[in-house]
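Me: I would like to go through this structure by way of its helix packing, one question at a time.

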Amino acid sequence: MRTIRRSIAFCCALLLPICSVDAEPAPALSLSAPLERQVCQRNDKNQADVVVAGTVNGVADVIEAKADLASGIENGGAVGWTTIANCKDIVNRKFSGRISLKAGGWYAIAVRARLGDAVVAEAAIARVGVGEVFITAGQSNSANFGKPRQIARDDRVVYFNGKTFVPARDPIPGGCGRDGSVWSILGDLIAKSQQVPVCFRSASPTWTQVKNWMPGVQFKSWTLYNTLLGRVRQFPKGGVRAILWHQGESDSTAKTAAEAYCNSLKTIIDSLNNDVGYELPWFVAQASYRTKGEVADQAEVAKGQQLLWEKGFAKRGPNTDVLGPEYRVGGVHFNQRGLTAHADKWFEALAAEYKWKR
């Protein structure tokens, strides 16, 4: 009996390596791009080449992707299985390719690895969009000092926090303050008008004068120009529609002269465009309002902002100086009525430039 037991144990030991080989998992595929809820900026042809990248943990000779419109979405166009990488493109198990999508979405993107006719690994992203991407910058009225907090009604409106794309719920990541902002309301207006997803990335970490944004200038613990440049570079070249600039209230207090304001912001705009390598449009708001400020000081800053429009250095943003005390809370920041009016004015400025309709 003991001899039989020893023989059975010996045979099982011999079989263990074979069993462990049989139990090895099938090749897996993981995606590093696109991200869930990612919005890619549409180009002048109303489409975008969306990067699809990742790792395949196994042998494959082709990587394919397809895109289907999510349920209930009509704007866009489905794309069938398309080769994005061949064997020679898969280096150290990593691959990267592109799939061309029309403006719209959400899209559901599926990716598969094939070896011959066999599918050896699959992965998917549920929501990817092609639409509008904006960087918001300036001071408190560009960030989270409005009341109350806002939430986008349209699921296609998102904020980017530097790592992930999240539903547009205030406070917007990267902006100073902890309350509400104009951007989710504006996003709803754009998404309804254009029927595309919309993304905002904030670069308003603290209250500022325009001179604090000059290249090489450190303000408090920030080099604000580098912060702005870094936020733009989080997107690919040409991957941002425009910078939306709302700033100037602090310059009213500081009695900044019109020419000084205009020249400072022009330097910032020129430097940023040079550093990112493409002409990135700036929409500059007329924003100088302070309840306790001198009218002449406010007018000087407003004139500096108008000079930027008149000289073609920036595009005309909204005039929020016309939104008086009934639109404000705490003297300068916007209440619900003010946030709604602020969003309407931003939409009007963008619609005038891009020929959008409500």
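Me: Is the crossing of H2 and H7 left-handed or right-handed?

Reply: This is a predicted model, in which local features need pLDDT of at least 70 and side-chain atom pairs count only at pLDDT 80 or more, while totals for chains, interfaces and linings use all residues. Residues are numbered from 1 along each chain as its sequence is written, and side-chain values use heavy atoms, with hydrogens and water left out. The axes of H2 and H7 (lines fitted to C-alpha atoms over the stretch in contact, angles running from 0 to 180 degrees between N-to-C directions) lie 8 Å apart at an angle of about 45 degrees, which makes H2 oblique to H7 (neither under 35, over 145, nor 65 to 115 degrees). With a clockwise turn of the near helix from the far one by less than a right angle counting as right-handed, and an anticlockwise one as left-handed, the crossing of H2 and H7 is right-handed.

Me: By class, how many nonpolar residues has the contact of H2 with H7?

Reply: From H2, Trp183, Ile185, Leu186, Leu189, Ile190 and Ser193 meet residues of H7 that include Leu339, Phe347 and Leu350, contact being heavy atoms within 4.5 Å. Besides three polar residues and one charged residue, the nonpolar residues in this contact number ten.

Me: Which strands do the buried residues of H7 pack against?

Reply: Buried residues (under 20% relative accessible area) of H7 include Gly338, Trp346 and Tyr354. Apart from helix H2 (183–194), the buried residues of H7 pack against strands S8, S12, S13, S14 and S16.

Me: How far apart are the end C-alpha atoms of H7?

Reply: Helix H7 covers residues 336–354, and its 19 residues should span 27 Å at 1.5 Å a residue, the expected span being 1.5 Å times one less than the number of residues. The model agrees with that expectation, because the end C-alpha atoms of H7 are apart by 27 Å.

Me: Within how many Å do the axes of H5 and H6 come?

Reply: H5 (residues 258–276) and H6 (residues 295–310) cross at roughly 45 degrees, which makes H5 oblique to H6. The contact, made by residues including Tyr261 and Leu265 of H5 and Val301 and Leu308 of H6, divides into seven nonpolar, two polar and four charged residues. The axes of this pair come within 7 Å.

Me: Which residues in H3 meet H5?

Reply: The axes of H3 (residues 224–232) and H5 come within 11 Å and cross at roughly 40 degrees, with H3 passing H5 in a right-handed crossing. Ile268, Ser271, Leu272, Asp275 and Val276 in H5 are met from H3 by Tyr225, Leu228, Leu229 and Val232.

Notes: Helices (H or I, at least four residues) and strands (E, at least two) are DSSP runs, numbered from the N terminus. Ala, Val, Leu, Ile, Met, Phe, Trp, Tyr, Cys and Pro count as nonpolar, Asp, Glu, Lys and Arg as charged, and the others, Gly among them, as polar. Buried means under 20% relative accessible area, exposed over 50%, partly exposed in between (1.4 Å probe, protein chains only).
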